[in-house]
Each structure stands twice: as C-alpha cells, then as structure tokens.
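Me: I am about to look at a protein model for a class, and I would like to go through it slowly, one question at a time.

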Amino acid sequence: LGEVLQTEDWLAPPTDLTCIRALPNGSMVGFSKRRLCFSEPYHAHAWPEEYQYDVDYDIVGVEVFGSSVFVGTKGAPYVFTGVHPRQMSPRRINVVEPLQSQEALVNVGDRILYISPNGIMSVSDIGVENFTANAFTPEQWRREVDLQDDTKYRMFFYNNNIVDIVRSSEVGEVDGSASDQAILSIHVNAMGVDFSSPDSQT
C-alpha cells in the first residue's frame with residue numbers, strides 16, 4: 001500500500017504518431033505534428049506525456065544517429081541528445097533549412113545528410129554545414145535537383161561512402177519504377193566530397 005504505480009503515466013502513443021525509429025537506449029521515437037515523442041525504454045507500448053517535446057515548426061522527418069535524434073522541420077532543424085527520454089536536451093540549429101521530405105534524408109554514421117532548398121545539409125553533434133556549398137550555389141542546386149513540391153526525393157547510402165539521390169516524378173513511394181531517376185551521386189572520402197551523375201559510374 002502507498003507505493004507509486006510505475007506504469008501510471010504509460011499512455012498509448014498519439015494516434016497520428018509516425019516515422020518511428022529505435023534508439024540505442026531501448027526507447028522508440030516518432031513525431032506527431034510539432035511534437036517529438038519518446039517511448040519508455042524497452043516498453044514500446046508506453047509513451048508518457050513527460051517524454052514529449054514541442055518544436056517551433058511542423059516536423060517533416062526524424063532519424064537517429066548515435067545517441068542523438070535529428071528532427072527535420074519545415075523551418076529550422078533540431079538535434080535532441082540524452083541518455084533517457086525524460087532528460088533529452090533539444091538544440092535548435094540557427095539556420096532555416098527545411099527538410100524536403102522524410103525520404104530525403106540519410107544516416108551516414110556520424111551525421112545526417114538531408115536535402116534542403118539550398119543544398120545537402122550535414123548535421124552532426126557539433127553543428128551543421130552545407131555539404132554542397134563548394135560545388136553549387138543555392139540557385140545552381142535548385143536547378144540541379146529540380147526541386148518541386150509534387151516531386152519526391154530519396155537518398156540512399158551504400159558502400160560506406162556513396163550517397164545517391166533519386167527523384168520520382170510521381171507522389172508516393174520511391175520504389176525503383178521507371179518513373180524514378182537517379183540524379184546525383186556523392187562520394188564521401190577522406191579528401192572531401194566529389195559529385196557525379198550516377199550514369200557516369202556505369
């Protein structure tokens with residue numbers, strides 16, 4: 001008698017929770033509108049309200065890298081870091097670089113790369129940089145990838161150093177169909193970053 005019920009605040013996840021990812025600490029993370037939500041570690045059915053964090057913009061996508069969570073929005077991105085969902089520290093990155101879509105980001109190990117209107121942004125625990133700034137001006141970048149609201153993009157990471165950007169002319173899943181087009185490959189190496197058309201690799 002008199003003991004606090006440990007599971008008293010274990011709520012069901014929001015009905016519109018999406019983009020669920022697993023963290024190394026056993027917790028799950030996802031989002032609902034402008035709210036980032038974490039589950040109780042090792043209890044994926046329990047999403048305490050105490051583990052929910054609001055941001056200033058609508059969330060577009062999230063991804064885990066290391067013990068951190070990248071949050072891409074329609075405005076400035078965020079990075080949440082912590083060892084327990086009760087004690088996550090949010091950091092708003094002071095650049096307005098919106099994420100194009102959930103599919104337009106990729107985990108490359110120690111950082112997240114994602115497509116924004118001004119280039120490919122690189123986000124790590126130490127900050128953010130425009131990964132394509134030395135190769136494209138923002139205007140050149142928008143022409144290169146032909147950014148359009150009704151077009152979806154997806155980034156793929158393979159062979160430990162190559163990121164391909166694929167464009168689909170149809171809204172929906174990018175599935176390798178005839179309407180999909182690989183438009184740019186990024187080769188990440190110790191000397192820097194190289195860019196090429198995927199066709200040039202064949």
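What follows is a set of questions and replies about this predicted model.

Me: How many helices and how many strands are there in the protein?
Reply: The protein has 202 residues, of which 47% count as buried. Counting its helices and strands along the chain gives 1 helix and 16 strands.

Me: Which strand supplies the largest share of the largest nonpolar core?
Reply: This core has 17 residues, and those with the most contacts inside it include Val29, Leu36, Phe38 and Val62. At least two residues each come from strand E2 (28–32), strand E3 (35–38), strand E5 (59–65), strand E6 (68–73) and strand E7 (78–81). The largest share, 3 residues, comes from E5.

Me: How many residues are in the other core, the one with Leu113 and Val145?
Reply: This other core lies apart from the largest one, and among its residues are Leu113, Ile115, Ile120 and Val145. Its size is 16 residues.

Me: Over which residues is the pLDDT below 50?
Reply: The protein averages a pLDDT of 83, and 79% of the residues score at least 70. One stretch nevertheless falls below 50, although beyond near neighbours in sequence this stretch has 13 contacts in the model. Where pLDDT is low, the predicted coordinates should not be read in detail. The stretch in question is residues 170–178.

Me: What percentage of the exposed area do carbon and sulfur atoms supply?
Reply: The area that the protein exposes is about 10600 Å². The part of this area supplied by carbon and sulfur atoms is 49%.

Definitions and conventions: Residues are numbered from 1 along each chain as its sequence is written. This is a predicted model: local features need pLDDT of at least 70, side-chain atom pairs count only at pLDDT 80 or more; totals for chains, interfaces and linings use all residues. Side-chain values use heavy atoms; hydrogens and water are left out. A nonpolar core is a set of buried Ala, Val, Leu, Ile, Met, Phe, Trp, Tyr and Cys residues joined through side-chain atoms within 4.5 Å. Buried means under 20% relative accessible area, exposed over 50%, partly exposed in between (1.4 Å probe, protein chains only). Helices (H or I, at least four residues) and strands (E, at least two) are DSSP runs, numbered from the N terminus. pLDDT is the predictor's confidence in each residue, from 0 to 100. Contact means heavy atoms within 4.5 Å. Accessible areas come from the Shrake-Rupley method with a 1.4 Å probe; for residues, only the protein chains shown count as cover.
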